[in-house]
Amino acid sequence: MSVVVQECSGCRRKFFPRRLLCGDCDSAAFRDLVVADAVVEEFTHVSGGRCLGSIRLLGEITAMAALIGIEPERGMSIPVRASDAEASSGYAFIPGIAASEAFERTTQ
Ligand SMILES: [Zn+2]
């Protein structure tokens with residue numbers, strides 16, 4: 001299954017995961033963009049031999065993803081796909097707050 005990003009028909013802002021309304025212009029009209037690759041920003045190895053990373057989609061959306069079957073490096077372009085098995089645990093998204101703020105909230 002491909003990774004699908006929404007693009008707002010009003011202002012062209014892109015969203016992942018899906019939204020019902022654009023946070024910038026309040027439009028409810030979106031078109032789907034199929035994304036085939038992403039760039040690895042950061043990654044870490046976690047228990048169980050898994051690797052989790054921060055990836056950038058279309059140069060503007062950051063998402064967390066399980067990095068499977070590759071030995072990642074920062075800046076590496078990788079193919080991406082979503083699977084039903086990974087969809088529930090393969091990425092996470094905290095809307096509306098910066099990553100550094102989210103980290104502070106989870107460590108307090
Ligand atoms: Zn918009």
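**Figure 1. Strands β1 and β3 pair in the antiparallel sense.** In this predicted model, the pairing of β1 with β3 runs over six bridges. One position to look for is Gln-6, which stands opposite Asp-32 in β3. The two strands belong to an open sheet of three strands, ordered β2-β1-β3, with antiparallel pairing. β2 and β3 are the edge strands of this sheet, each pairing on one side only. Strands of a sheet pair through backbone hydrogen bonds, in either a parallel or an antiparallel sense.

**Figure 2. Four cysteines coordinate the zinc ion.** The donors are the SG atoms of Cys-8, Cys-11, Cys-22 and Cys-25, at 2.3 Å. Along the sequence, the donor residues follow the spacing C-x2-C-x10-C-x2-C. Cys-8 belongs to strand β1 (residues 3-8), while Cys-22 sits in the loop between β2 (14-15) and β3 (30-35), so this pair ties together parts that are 14 residues apart in sequence. The arrangement of the four donor atoms is tetrahedral because the angles they subtend around the zinc ion are 98 to 120 degrees, and four donors count as tetrahedral if all angles lie between 85 and 135 degrees. The structure holds zero disulfides.

**Figure 3. Burial of cysteine donors at the zinc site.** Which is buried and which is partly exposed, Cys-8 or Cys-11? Cys-8 has 0% relative accessibility and therefore counts as buried. Cys-11 has 33% relative accessibility, so this residue counts as partly exposed. The cut-off for buried is under 20% relative accessible area, and exposed begins over 50%. Cys-22 is buried, as is Cys-8.

**Figure 4. Ser-27 lies in the loop between β2 and β3.** Ser-27 counts as buried because its relative accessibility is 17%. Which residues does Ser-27 contact, leaving aside neighbours within four places in sequence? Cys-8, Gly-10, Leu-20, Leu-21 and Cys-22 are in contact with Ser-27. Two of these residues, Cys-8 and Cys-22, also supply SG donors to the zinc ion.

**Figure 5. Phe-15 and Phe-30 form an aromatic pair.** A search of the whole structure finds one aromatic pair. The ring centres of Phe-15 and Phe-30 are 6.0 Å apart and the ring planes stand at 85 degrees, so the pair is edge-to-face. Phe-15 is in strand β2 and Phe-30 in strand β3, so the contact between rings ties together parts that are 15 residues apart in sequence. Phe-15 and Phe-30 are both buried.

**Figure 6. Strands β4 and β5 form a hairpin.** β4 (residues 37-46) and β5 (residues 50-57) pair in the antiparallel sense over eight bridges. Ala-38 stands opposite Leu-57 in β5. Three residues lie between the two strands, and Gly-48 in the turn has a positive phi of about 85 degrees.

**Figure 7. Strands β5 and β6 form a hairpin.** The antiparallel pairing of β5 with β6 (residues 61-66) runs over six bridges. In β6, Ile-61 is the bridge partner of Leu-57. This hairpin has three residues between its strands, and Leu-58 takes a positive phi near 55 degrees.

**Figure 8. Surroundings of Leu-57 in strand β5.** Is Leu-57 buried or exposed? Leu-57 is buried, because its relative accessible area is 2%. Not counting residues up to four places away in sequence, Leu-57 touches Val-3, Val-5, Phe-16, Val-35, Asp-37, Ala-38, Ala-63 and Val-80. One of these residues, Ala-38, is also the residue that stands opposite Leu-57 across the pairing of β4 and β5. Leu-57 and Ala-36 are 21 residues apart in sequence, and the distance between them in space is 9.0 Å, C-alpha to C-alpha.

**Figure 9. The whole chain, for orientation.** The chain has two helices and seven strands. Their order along the sequence is β-β-β-β-β-β-β-α-α. Of its 108 residues, 30% count as buried. Among contacts between residues at least 6 apart in sequence, 43% join residues at least 24 apart.

How values were computed. Residues are numbered from 1 along each chain as its sequence is written. This is a predicted model: local features need pLDDT of at least 70, side-chain atom pairs count only at pLDDT 80 or more; totals for chains, interfaces and linings use all residues. Side-chain values use heavy atoms; hydrogens and water are left out. A disulfide is a pair of cysteine sulfur atoms within 2.5 Å. Buried means under 20% relative accessible area, exposed over 50%, partly exposed in between (1.4 Å probe, protein chains only). Donors are N, O and S atoms within 2.8 Å of the metal (3.2 Å for Na, K and Ca); water is not among the atoms, so sites may look incomplete. Four donors count as tetrahedral if all angles lie between 85 and 135 degrees; four count as square planar and six as octahedral if opposite donors are over 155 degrees apart and all others between 65 and 115; anything else is irregular. Helices (H or I, at least four residues) and strands (E, at least two) are DSSP runs, numbered from the N terminus. Rings of Phe, Tyr and Trp (its six-membered ring) pair if their centres lie within 6.5 Å; planes under 30 degrees apart count as stacked, over 60 as edge-to-face and the rest as tilted. Two strands pair if DSSP finds at least two bridges between them. Contact means heavy atoms within 4.5 Å.
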